[in-house]
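Subject: Handover of a structure model

Dear colleague,

Please find below the structure that I am handing over to you. My findings follow it, and I would be grateful if you read them with the model open.

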Amino acid sequence: GIRAMAESPPSSSAAAAAAAAAPSSSMSSSSFTPPYTRLSLLYSALLLSSSLLMLVLPGVRSYIGLVPAKVLPYATTIITTAYCDASVVSAILSGALICSLARMVEPVMGTVEIAKTIAIANVGGAIVTWLWLVFTFAVTQRTDLLYSNVTGAHAAIAALFVALKQVNAKAVGAVPSTIAPYVPYMPAALLLLTALVSSVATNLLPTGLPSNALGGTIAAWVYLRYFRQPPAPTEALGAPGASPYQPIPGDASEEFAVASCVPPAFQAALTPFDRFTDRIFGGGSYASGAAGSLAAGMPSAAPLPGNDSEDARRRRERGARALEERLAQAAAAKQSAAASAV
C-alpha cells in the first residue's frame, strides 16, 4: 500500500505533463499555415506545364496563345492566353510572384473572390491587348503585329497588385510593414515599369505586355471598385425592426480611388477619371450608395458624418492601436498561463 501511494504522484504528474503537451502540439498544428495558397500553386503549375508543353509541341502555341488575326475563329484564346507562357523562365518568375502576392491577399479576400478577380482581369487584359495590337496595325501597317503570339500572366499579376492595394487599406497587418507604405503606388509602378522596359527591350519581351497589364489593372479595379459583393449581412440585419438597407457592392473609399495610385502631387490630374467612372458604373459603393438610399425622396440631404478622409484615417489608427493592445494582452495572458502550468 505504501509503495502504491508513493508511485501514484509520478503517474499523475506524467499525465498532467502529457495533457499540457497535447494542447501545445495541437495549437502548433492548427496555427500552421502553408507558405503558399493552393490557388496560386495551381496557377503556377499551369504556367510551367504549358511552357514545357510548348517546348515539346511548338504548334500548340497557335491554339492557346493570343494571335490578333485569329481571335475571331479561335475566340477561346481570349481565355487561354493568360494561363500559358511561352518562356520557361517567365513562367517560373510569374508563378513565384503570383504565389507571393496571393499569400498576402487570399487569406483576407477569400479564394473565390481572388479567383474571380483574376479571371475577370485575364479576360480584360486579353481584350485590351487584342484591340491595341489591331489599332497599332491599322496605324503602322505592320503585319507582324497581327500575327504576334501573346502569352503570359501579366494581367493576373496586375490584378493581384490591385487587390493588394485594397487589402492594405482595409486589413491592418495583412501586408508586411516594410512594404505597406509603398503598396498604394504599386499598380501604377507596375504599369510604368512594363511600359519603360518594353520600350527599351522590345525584342526580349512580349509585344502585348504593357497593354495586357493595363487591361488587367483596369478590369480588376472596376470589378473591385463597383461590382464585388460585400460579405453576407449578419442575421440581425434581417431581424424584425432592423434596417432594410443592404450593403452596396464595391469599394468607394478614397484609399481605393485611381487618384490614390499616384503621389499626392499628381492626384488632382486623375480625380476627373474617378468621377467619370462613377458616372458610367453608377457609383456603386458603400458610402455613396447608402447615402443615396437614405436620402431617396428627400429634397436635400447632408453628407453622412464621419466620411471625411482624415476622420477615416484617425479611426483606422485607433483601431490598429486597439488591436495591437488586445494582441499584446492575449500574448501576455498566454505566457502567464504557460508559466503557471510549468
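A nonpolar core is understood here as a set of buried Ala, Val, Leu, Ile, Met, Phe, Trp, Tyr and Cys residues joined through side-chain atoms within 4.5 Å. Please note that this is a predicted model. With that in mind, the largest nonpolar core comprises 37 residues, among which Tyr43 and Leu164 touch the most other members. Two or more residues each come from helix H2 (38-56), helix H5 (88-109), helix H6 (111-140), helix H8 (154-170), helix H9 (186-200) and helix H10 (209-227). The greatest contribution is that of H8, which supplies ten residues.

Overall architecture

The protein contains 13 helices and zero strands. Read along the sequence, its pattern is α-α-α-α-α-α-α-α-α-α-α-α-α. Of its 342 residues, 33% are buried. Among contacts with a separation of 6 or more, 75% are between residues 24 or more positions apart. The accessible surface amounts to about 19,900 Å², and carbon and sulfur atoms account for 68% of that area.

The cores and helix H8

Helix H8 has 17 residues, and the distance from its first C-alpha to its last is 25 Å, close to the 24 Å expected at 1.5 Å a residue. Because 14 of its 17 residues are buried, H8 is largely enclosed by the rest of the structure. As for Leu164, its contacts beyond four places in sequence are with Leu101, Met104, Val105, Val175, Val183 and Met186. There is also a second, separate core of seven residues, including Ile78, Leu133, Leu145 and Val150. By way of background, nonpolar side chains in soluble globular proteins tend to be buried together.

Thr117, in helix H6, is a buried polar position that you may wish to display. Its relative accessibility is 2%, and it therefore falls under the 20% limit for a buried residue. Leaving out residues up to four places away in sequence, Thr117 touches Met109, Ala159, Ala220, Tyr223 and Leu224.

A nonpolar patch on the surface

Which residues make the nonpolar surface patch of about 630 Å²? They are Leu48, Leu52, Leu53, Leu55, Val56, Leu57 and Ile92. Helix H2 gives the most to this patch, with five residues. One residue of the patch, Leu48, lies in H2. Leu48 has a relative accessible area of 32% and is therefore classed as partly exposed, the category between 20% and 50%.

Salt bridges

A search of the whole structure returns four salt bridges. Glu113, Lys116 and Arg228 are linked in a network of such bridges.

Within this network, Glu113 pairs with Lys116, and their closest N and O atoms are 3.8 Å apart. Both residues belong to helix H6 and are separated by three residues, about one turn of the helix. In general, an α-helix has 3.6 residues a turn, so residues three or four places apart point the same way. Glu113 is buried, with a relative accessible area of 12%, whereas Lys116 is partly exposed at 38%.

Glu113 also forms a salt bridge with Arg228, with the closest N and O atoms 3.6 Å apart. This pair links distant parts of the chain, 115 residues apart: Glu113 is in helix H6, and Arg228 is in the loop between H10 and helix H11 (267-281). Both Glu113 and Arg228 are buried.

A further salt bridge joins Asp144 to Arg142, with the closest N and O atoms 2.9 Å apart. Asp144 is partly exposed, at a relative accessible area of 42%, and Arg142 is likewise partly exposed, at 43%.

A backbone detail

Finally, I would draw your attention to Gln141, which has a positive phi of about 60 degrees although it is not a glycine. Gln141 is located in the loop between H6 and helix H7 (143-146). Its relative accessibility is 53%, and it therefore counts as exposed, the limit being over 50%.

With kind regards

Terms used
Residues numbered from 1 in each chain as written. Predicted model: local features only at pLDDT ≥ 70, side-chain atom pairs only at ≥ 80, totals over all residues. Heavy atoms only, no water. Buried < 20%, exposed > 50% of the residue type's maximum accessible area, 1.4 Å probe, protein only. Helix = DSSP H or I, 4+ residues; strand = E, 2+ residues; numbered from the N terminus. Contact = heavy atoms within 4.5 Å. Patch = residues over 30% accessible without salt bridge, like charges linked within 9 Å, V, L, I, M, F, W, Y side chains within 5 Å. Areas by Shrake-Rupley, 256 points an atom, 1.4 Å probe, with all protein chains shown as cover. Salt bridge = Lys/Arg side-chain N within 4 Å of Asp/Glu carboxyl O. Expected span 1.5 Å × (residues − 1).
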